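Grab a coffee and open the viewer: here are a few exercises to work through with the model on screen. Try each task before you read its solution.

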Amino acid sequence: MNQTYRYNRENATRVAGVTSLKDAIGQLLKAYQLQTRFNETYLEAFWGRMMGPTIASRTNRLYVRDRKLYIEIGSAPLRNELVNAKQKLIQLVNKDMGTDVIDDVVFI
């Protein structure tokens with residue numbers, strides 16, 4: 001019952017050298033296949049910074065599911081403008097994220 005820990009050199013898979021914290025977290029997210037969910041959560045958290053205070057203040061609900069961005073907008077004229085600029089919105093979000101996070105936008 002009282003076993004001591006023994007270090008096994010063959011099981012240690014460290015890479016020699018210095019790795020930045022950003023790279024280490026990126027490797028961790030890839031290893032556990034959490035990169036896409038992290039990007040979706042980042043998009044939800046920083047929506048206001050990406051779109052500006054005008055659109056962010058009129059956004060009631062926002063979530064990403066199956067690479068689709070669902071947005072509930074409280075202002076009908078703003079919703080109409082965003083529907084007309086749907087492709088530009090997708091490109092803007094993906095460019096700001098640095099990777100393709102969303103493929104479509106659905107307005108609720």
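**Exercise 1. Which residue in β2 does Val64 stand opposite, and how do β1 and β2 pair?**

Start with the residue: Val64 faces Leu69 in β2. Keep in mind that this is a predicted model. Next, zoom out to the strands. β1 covers residues 59-65, and it pairs with β2 in the antiparallel sense over 6 bridges. Finally, look at how the two strands are joined: they make a hairpin with 2 residues between them.

**Exercise 2. Find the residues other than glycine with phi near 55 degrees, and say whether each is buried or exposed.**

Step one is the reason to look at all. Most residues other than glycine have a negative phi, so a positive one is worth a glance.

Step two takes you back to the hairpin. Asp66 sits in its turn, in the loop between β1 and β2, and has a phi near 55 degrees. Its relative accessibility is 68%, so Asp66 counts as exposed, the cut-off being over 50%.

Step three moves to the helices. Gln33 also has a positive phi, near 55 degrees. You'll find Gln33 in the loop between α1 (21-31) and α2 (35-45). With 70% relative accessibility, Gln33 counts as exposed.

**Exercise 3. Work out what β3 pairs with, and which of its residues are on the covered face.**

First, the partner. β3 pairs with β2 (residues 68-73), in the parallel sense, over 4 bridges. Tyr70 is a handy marker here, as it stands opposite Val106 in β3.

Now the faces. In a regular strand the side chains alternate between the two faces of the sheet. Walk along β3, residues 104-107, and sort them: Val105 and Phe107 belong to the covered face, while Asp104 and Val106 belong to the uncovered one.

**Exercise 4. Is Ile102 buried or exposed, and which residues does it touch?**

Locate it: Ile102 is in the loop between α6 (86-97) and β3. Then check the accessibility. Ile102 comes in at 1%, so it counts as buried, the limit being under 20%.

Who are the neighbors? Leaving aside residues up to four places away in sequence, Ile102 touches Leu43, Val64, Arg67, Leu69, Ile90, Val93 and Asn94. You've already met two of these: Val64 and Leu69 are the opposite pair from the first exercise.

One more check, on Leu78. Ile102 and Leu78 are 24 residues apart in sequence, and their C-alpha atoms are 20 Å apart in space.

**Exercise 5. What pattern does the chain follow, and what radius of gyration does it have?**

Count the elements: there are 6 helices and 3 strands. In sequence order they read α-α-α-α-β-β-α-α-β. The radius of gyration is 20 Å, well over the 13 Å from the globule rule for 108 residues, so the chain is more spread out than a compact globule. Its C-alpha atoms fill a box of roughly 65 × 35 × 25 Å along the principal axes.

Then look at burial and contacts. Of the 108 residues, 26% count as buried. Among contacts between residues at least 6 apart in sequence, 47% join residues at least 24 apart.

Finish with the surface and charges. The chain exposes about 8,600 Å², with 51% of that supplied by carbon and sulfur atoms. There are 16 positive and 11 negative charges, and their mean positions are 4 Å apart.

Notes: Residues numbered from 1 in each chain as written. Predicted model: local features only at pLDDT ≥ 70, side-chain atom pairs only at ≥ 80, totals over all residues. Heavy atoms only, no water. Buried < 20%, exposed > 50% of the residue type's maximum accessible area, 1.4 Å probe, protein only. Pairing = 2+ DSSP bridges. Contact = heavy atoms within 4.5 Å. Rg over C-alpha atoms; globule rule 2.2 N^0.38 Å. Areas by Shrake-Rupley, 256 points an atom, 1.4 Å probe, with all protein chains shown as cover. Lys, Arg positive; Asp, Glu negative; His and termini not counted. Charge placed at Lys NZ, Arg CZ, Asp CG, Glu CD.
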